[in-house]
Amino acid sequence: MIEAAERDGRLKPGGTIVEATAGNTGLGLALVARAKGYRIVLVVPDKMSSEKVLHLKALGAEVHTTRSDVGKGHPEYYQDYALRLAEAIPGAFFADQFNNPNNPAAHEYSTGPEIWAQTGHDLDAIVCGVGSAGTITGLSRFFRRVAPHVEFVLADPQGSILAQYIETGTIGTAGSWAVEGIGEDFLPAIADFSSVRRAYTISDADSFSSARQLLASEGLLGGSSTGTLLAAALRYCREQTSPKRVVSFVCDTGTRYLSKVYNDNWMIDQGLLQRTEFGDLRDLIGRRFEEGAVISAAPGDTLLMAFQRMRLADISQLPVLEAARVVGLIDESDILLKVEADPAEFNAPVTSAMTRSLETLAPSASREELRRVLDRGLVAIIADASHFYGLITRFDFLNHLRRSLK
Ligand SMILES: Cc1ncc(COP(=O)(O)O)c(C=O)c1O
């Protein structure tokens, strides 16, 4: 895309590249821009993992974050936003991967021949996702020429309109999904689906667990769209009645998704990892003590240790535990009160600042009792005479309610 724009004069030395991207096209463009001395401005939807955004910024990209939950025509839709920026910056080149014919051309003349050579010209099917549709369109063109029997299989996240379009020719209403890089709420202008023979709709839960399974059984750390592709590839393969050689992709390294796909706490908050249900307040606890997930302080820890632990985990209070019993609670205002006059107090023990008068709720307490505790600005400590189970914050309550949203 960049070389073509240089050739036809749309991108001049020292110019600016603008693009709307789920992250990876942006990473590619940012690398090229850095090497060739262009300014790079990217618009990224806010569901994208922070690893990608930090990587883009580290490469020198100017990143504009926008809403993930709005569709084409909305001013904050990432592609409309990028187009506006491109129009406002003099001489800017809008890479426009969703409409740029040089996007599929790159796959037609590089990815396709690479797969064909690496499979030794022996291939029956390719399982592919669609973001911009560059990959599927370019590969379809290449294989139509060299091996027209190769069938394409679409792996589509639940909520995307593409699988339904391929199966019925109709465009439904798009939902939302957590998998990054694939699935669409519109038909990209460059899309050529004429070689697609089968389409599978894959839920976020299936995509994420397939990615985790790929790591557990094969040692391959892939990203979230890799999970969608693998789940669809397995379904396709299991439906076959004769042996097939099937290619799919590990589109992205999982290191960009460590804070999501490979983070149990995030997966639990999103309702993507099943936990034991108790039918009482324990179901609302975000980090369960019995699962070793509670971040806590010991009475002898210093205030500095407690503060750093809170910052690292992005939480604002810690239970103070002694032999698996809660003896206190310490939050950021307790620490502030203590150290404001004299920062040396950071070295004082947690016991010097923690709250000792604790109100606990038994797991069997009602939602109303929980609400009364939270409404007073407190966190609920869930414990009975023998056990501490964990805390419930307002965030945990909200996460629980969101998980029940179908
Ligand atoms: C992780 C990931 N998977 C899949 C895709 C989809 O590829 P395409 O845009 O060629 O359809 C992308 C696109 O950037 C991506 O970033």
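In the predicted model, 5 of the 5 residues of β1 are buried, so this strand is largely enclosed by the rest of the structure. The enclosure applies to both faces of β1: Thr16, Val18 and Ala20 are buried on one side, and Ile17 and Glu19 are buried on the other. In a regular strand, side chains alternate between the two faces of the sheet.

Strand β1 belongs to an open sheet of 4 strands with the order β3-β2-β1-β4, in which the pairing is parallel. The edges of this sheet are taken by β3 (62-66) and β4 (93-94); each has a single partner strand, so one side of each is left without a neighbour in the sheet. Strands of a sheet pair through backbone hydrogen bonds, in either a parallel or an antiparallel arrangement. Between β1 (residues 16-20) and β2 (residues 39-45), which run parallel, there are 5 bridges. Within this pairing, Val18 lies opposite Val41 of β2, and Ile17 lies opposite Ile40 of β2. On the β4 side, the pairing with β1 is also in the parallel sense and extends over 2 bridges. Ile17 takes part here too, with Phe93 as its bridge partner in β4. The connection from β1 to β2 involves a helix: β1, α2 and β2 form a β-α-β unit that is right-handed.

A further open sheet of 4 strands has the order β7-β6-β5-β8, and its pairing is parallel. Here β7 (196-202) and β8 (246-247) are the edge strands, each with a single partner strand, so one side of each has no neighbour in the sheet. Helix α9 (residues 224-239) packs on this sheet and touches β5, β6, β7 and β8. The direction of α9 makes an angle of about 120 degrees with that of β7. Strands β5 (residues 125-128) and β6 (residues 151-157) run parallel and are joined by 4 bridges. One of the residue pairs in this arrangement places Ala125 opposite Glu151 in β6.

The ligand is surrounded by 17 residues, of which Asn24, Gly131, Ser132, Thr135 and Gly181 are the closest. Helices α2 (24-36) and α6 (134-146) each contribute at least two residues to the shell around the ligand. Helix α2 is also the helix of the right-handed β-α-β unit formed with β1 and β2. By residue class, the shell around the ligand consists of 5 nonpolar, 10 polar and 2 charged residues.

At the level of the whole chain, 14 helices and 13 strands are assigned. The C-alpha trace spans about 75 × 55 × 40 Å along its principal axes. Of the 406 residues in the chain, 39% are buried. Among contacts in the chain with a separation of 6 or more, 63% are between residues 24 or more positions apart. A separate example of proximity between residues distant in sequence is given by Ser50 and Leu258, which are 208 residues apart along the chain and have C-alpha atoms separated by 10.0 Å. Ser50 is located in helix α3 (residues 50-58). With 10 other C-beta atoms within 10 Å, Ser50 is classed as exposed, because the limit for that class is 12 or fewer.

Backbone torsions were also examined. Most residues other than glycine have a negative phi. His121, which is not a glycine, has a positive phi of about 60 degrees. The position of His121 is in the loop between α5 (102-118) and β5, and this residue counts as exposed, with 9 C-beta neighbours inside 10 Å. Ala323, also a residue other than glycine, has a positive phi near 50 degrees. Ala323 is placed in the loop between β9 (317-322) and β10 (325-331). With 6 C-beta neighbours inside 10 Å, Ala323 counts as exposed.

Definitions and conventions
Residues numbered from 1 in each chain as written. Predicted model: local features only at pLDDT ≥ 70, side-chain atom pairs only at ≥ 80, totals over all residues. Near = placed C-beta within 6 Å. Nonpolar A, V, L, I, M, F, W, Y, C, P; charged D, E, K, R; others polar. Pairing = 2+ DSSP bridges. Buried ≥ 20, exposed ≤ 12 C-beta atoms within 10 Å, placed from the backbone. Contact = placed C-beta atoms within 7 Å. Right-handed = clockwise from strand over helix to strand, strands pointing away. Axes fitted to C-alpha atoms, helices over the stretch in contact; angles between N-to-C directions.
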